[in-house]
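Please open the model in your viewer and keep the sequence panel beside it, since the tour moves from the whole chain to a few selections.

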Amino acid sequence: MPPVRLRIKRRLEEMEKRRPSTDVPDVPREMLVEVSNLCNQKCVFCAYPKMTRPGKRIEVSLIERVLREGYDLGTREVGFYSGAEPFTTPHLEQIVAIAKAIGYEYTFITTNGSLATEARVKTLIDNGLDSLKFSINAGDRESYREIHGQDHFERVLKNLRFASEYRERVDSPMYLAVSFVGIDHEGYNNLHTRAALEALVAPWVDEVVFYDAGADNGQMLGLPPHGAAAPCQLPFFRVHVSAEGYLRACCNDYQNYLSLADLNHTSLREAWLSPEARDLRRRHLENRLEGTLCFNCIHNTLTPIEPLQPSLAVKVEPEFFLFKKYTKS
């Protein structure tokens, strides 16, 4: 097995090798569930603070059914986050336990860490969580408050350190990492704190991962493009479930513009092979994405778009999709 510090790099390389080729792919090995669309922070590079969808936490009974259906169809890895904060649901630990009981081989969470508590982190590790990544986007308290919109720096470090110490105490194989999103745009700049953060957290984690802030899947246009291209892998190689219980084509879709089917009323298999899902995949394969959020994401442009399923989306004015400088808390 490769060293744990190479885990994220290896997974990204494996994803890059995959090439979409059909509009009826098998249900993927990986699923990403938006267990909650709520967040207690306002990160300056994130579209979440602009979101107008009603706050929602996924129903435990629904996600248990979807997890079982996915497992029967070959899904083996599941993440419990998607653009918001997973610890805003009180059912997070229960959902992880359900996934492990079903047989999922790899369960993972990315969190800002500020709503975690020692008791909740302990329970997650005891329930078999395989990977926990803290999103910490500054190396000092002042910069953290500027980037995250909240004064949670010391609290997050305390929770991270506890997670490290507890997994060592119980000899848990859980992977523990920190991610840092770098930004230098319209007066926001955390790049000078990157080395300080890495030095601070390195004793506690397996890996510190650095990313550049980007246009957030076409919803923060004005930031640099992510470099996505058609066909994008996401509609083909990962199941995305929203907090409402919708099958979506993308991991970050704050207004549900890429929702494809309502899993409250249809099975995962039927939704995955629905005419709407197949049509979007064909459009990706043929690079005919005009009028969709995918087009604006890939081309880093603001053009008129419509939701794939208007009844599942919350429509917004075009200005929503532009980078916005938030009011400080």
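Begin with the charged side chains of this predicted model: the protein carries 41 positive and 44 negative charges, and the mean positions of the two sets are 1 Å apart.

Now show the whole protein as a cartoon, in which 11 helices and 11 strands can be followed. The radius of gyration is 19 Å, close to the 20 Å that the globule rule gives for 329 residues, so the protein is as compact as a globular protein of that length. If you draw a box along the principal axes, the C-alpha atoms fill roughly 50 × 45 × 35 Å.

Next, switch to a surface representation, where the accessible area comes to about 14,100 Å² and 50% of that area belongs to carbon and sulfur atoms. Beneath this surface, 56% of the 329 residues count as buried. A contact map adds a further view: among contacts between residues at least 6 apart in sequence, 73% join residues at least 24 apart.

Select residues 238-241, which form strand β9, and display the side chains. Which residues lie on each side of β9, and are they buried or exposed? R238 and H240 lie on one side, V239 and V241 lie on the other, and all of them are buried, which leaves both faces of the strand covered.

Keep β9 in view and add residues 30-33, strand β1, which runs parallel to β9 and is joined to it by four bridges. Within this pairing, V33 has V241 of β9 as its bridge partner. Then add residues 246-248, strand β10, which pairs with β9 in the antiparallel sense over two bridges. V241 appears again here, standing opposite L247 of β10. Between β9 and β10, follow the backbone through the hairpin, where four residues separate the strands and G245 takes a positive phi near 95 degrees.

For the last stop, select residues 131-135, strand β4, and centre the view on S131, which lies in this strand. Why does S131 count as buried? The relative accessibility of S131 is 6%, and the cut-off for a buried residue is under 20%, so S131 falls into that class. To see the surroundings, leave out residues up to four places away in sequence and show what S131 touches: Y106, T107, F108 and I109, together with M174 and Y175.

Key:
Residues are numbered from 1 along each chain as its sequence is written. This is a predicted model: local features need pLDDT of at least 70, side-chain atom pairs count only at pLDDT 80 or more; totals for chains, interfaces and linings use all residues. Side-chain values use heavy atoms; hydrogens and water are left out. The radius of gyration is taken over C-alpha atoms; the globule rule is 2.2 Å times the number of residues to the power 0.38. Buried means under 20% relative accessible area, exposed over 50%, partly exposed in between (1.4 Å probe, protein chains only). Contact means heavy atoms within 4.5 Å. Accessible areas come from the Shrake-Rupley method with a 1.4 Å probe; for residues, only the protein chains shown count as cover. Lys and Arg count as positive and Asp and Glu as negative; His and the chain ends are not counted. The place of a charge is taken as NZ of Lys, CZ of Arg, CG of Asp or CD of Glu. Two strands pair if DSSP finds at least two bridges between them.
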